[in-house]
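Biologist: Hello! Please take me for a close look at one part of this structure, and spell out your terms as you go.

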Amino acid sequence: MYRLAWVVAALCVAPIVAAALAAFGGDWDTWRDVLSTVLPRYTVTTLALVAIVGTGAAVIGTSTAWLVTVYRFPGVRWLEVALALPLAFPAYVLAYAYTSLLDHPGPVQTLLRDVTGWGPRDYWFPEIRSLGGAALMLTMVLYPYVYLLARASFRQQSSNAFLVARTLGRPPLGAFWAVALPMARPAIMGGTLLAIMETIADYGTVAFFNVQTFATGIYQAWFSLGERATAAQLSLCLLSFALLLAGLERAQRGKARRAGRGGARFEVLTKPVLTGWKGWGAMMICLAPVLLGFLIPVVMLGVMAWGSGQSIIQPRYLSLMGNSVTLAAVASVLTVIGAILIGFRARTKPGRTSRALVVGAGLGYAVPGGVIAVGLMVPMAGLDNAIDSFMRDNFGIRTGLLITGSIWLMVLAYMARFMAAALNAYDSGMATVPHHFDAIARSLGQGSAKLLWRVHLPVARTSVLTALLIVFVDVMKELPATLILHPFNFDTLAVQAYRLAADERLREAAVPSLALVGFGLIPVLLLCRTIGRESA
């Protein structure tokens, strides 16, 4: 069992190592051309996108978390749950909805021209297909990372320091800046770094808006130019940045565990009631991201899907849904099994080796799907070619793409990408199991397999189911790895939505997009249910 944990960790690390080796083994003359032409543009655009999304997610997530935690105002009980709903949207689906709404032929500009009588060249309107538009889409779906972590931190903070600041004459906003915000800073930074990691990993949104980032550069180098070595070298640049962010996020998470403990918590205090314009102002601040990130795009996608004349129950979409569900089910089960093996080894054999095993297996979360796909395609394509050459030379048989053209390579990519999510969910459940349970089971003659099966899994079954659900939905929404690795005759809902949108068939793209949002709502609603129980 312990050896299997090492095998799983090795499979998760292998694509990252392969991408790095492929980069160093490539043609550096081509890399010099990239360095002098497109690399500066990719770097500037990616950093600008990161800065805008990080700042926006931090501001929206922190302000809304503080309001719903500390105050009472109209609709607060509903809003504290609704603020998590934009997590159900893949950013590229949000981009499809807003493009249809705000583009030149869309209802907003059409209404503007009808009301004013202006012609197409008589007015200026913000361009949705731009860096700013991509940043807005990503901010609207990623701010819940900051909101959820900041809200949890505010709820767990000691209120004593805040109350002392108020008795010393600090206004509520001043006490927030001086006391509550510094204590919540590790959680806020952790959520912001998670949002930034998702930003650099995004491909669907930036590709649809024609924003040139590292993610689009990797895909273009691989498919449009056929420069696999260049794609690997660009992947190495992105990988370095992603691993730096992963280290920062891990450090911030460690600080968050120690921040603001002791004393009466905010959640048990009597909340001040905001009335009049203050109450309605607080409600509007919290309602705006829910409208922009969930309600408006859901309505828009529904209208688009209704006008497309297509139905999700058509054989074509049922086949796509079957492919997506099958792929996500297989990947989630194997990923969670791997997480259980690694988590069990880390619990029963604690130490530096186990910590390194967990960190190595979870590195994929910080690595964009396109990088993992490149890390798998380069060595596996070489292995396929070697097998095909050997079989042709010795037996006269063409084997084709045995590994590269299979869904199992996709499953391996998903396992490497989302192992960290499964590990975190499983560890959260095991944290509630006292370690003396293990000693009692050992004293009763239970071996490792029986200890896991009879003690750990029954106690952690809720966490295991949560991990399955999270990985299932993440696989459903994953786009760059799926685009690069999927076999020619095996499309998914994400691929279909992207292809239709790339062909400007946005109405047709709304149908698979709505299906993706529906699947994304499953874990979010589960999370909202937990929030509701905590608030009761």
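Modeller: Gladly! The structure holds three cavities of 30 Å³ or more; on a 1 Å grid over the protein atoms alone, a cavity is a set of points where a 1.4 Å probe fits but cannot get out, and lining residues have an atom within 4 Å of a point. Grid points are joined across faces, edges and corners, and a volume is the space filled by probe spheres set on them. This is a predicted model, where local features need pLDDT of at least 70, side-chain atom pairs count only at pLDDT 80 or more, and totals for chains, interfaces and linings use all residues. Residues are numbered from 1 along each chain as its sequence is written, and side-chain values use heavy atoms, leaving out hydrogens and water.

Let's begin with the second largest cavity, which encloses about 50 Å³. Its lining includes S324, L327, A328, Y414, E478, T482 and T492. Helix α14 (315-348) gives the most to this lining, with three residues; helices are DSSP runs of H or I, at least four residues long, numbered from the N terminus. By class, six lining residues are nonpolar, three polar and one charged. Here Ala, Val, Leu, Ile, Met, Phe, Trp, Tyr, Cys and Pro count as nonpolar, Asp, Glu, Lys and Arg as charged, and the others, Gly among them, as polar.

T482 deserves a pause. This residue sits in helix α21 (residues 480-485) and is buried, at a relative accessible area of 1%; buried means under 20%, with a 1.4 Å probe and protein chains only. The side chains of T482 and Y414 share a polar contact of 2.5 Å, that is, a pair of N or O atoms within 3.5 Å, one able to donate a hydrogen and the other to accept it. Not counting residues up to four places away in sequence, T482 touches M410, Y414, T492 and V495, where contact means heavy atoms within 4.5 Å.

Helix α21 also leads us to the largest cavity, of about 70 Å³. P480 and I484 are among the residues lining that space, and α11 (214-224), α16 (369-395) and α21 each supply at least two lining residues. This lining has 10 nonpolar, one polar and no charged residues.

Finally, L485: leaving aside neighbours within four places in sequence, L485 is in contact with A373, L376, M377, T404, L409, M410 and A413. M410 is thus a name you have already met, as a contact of T482.

Terms used: Buried < 20%, exposed > 50% of the residue type's maximum accessible area, 1.4 Å probe, protein only. 1 Å grid on protein atoms, 1.4 Å probe; cavity = no way out; pocket = protein on both sides within 12 Å on 5 of 7 lines; lining within 4 Å.
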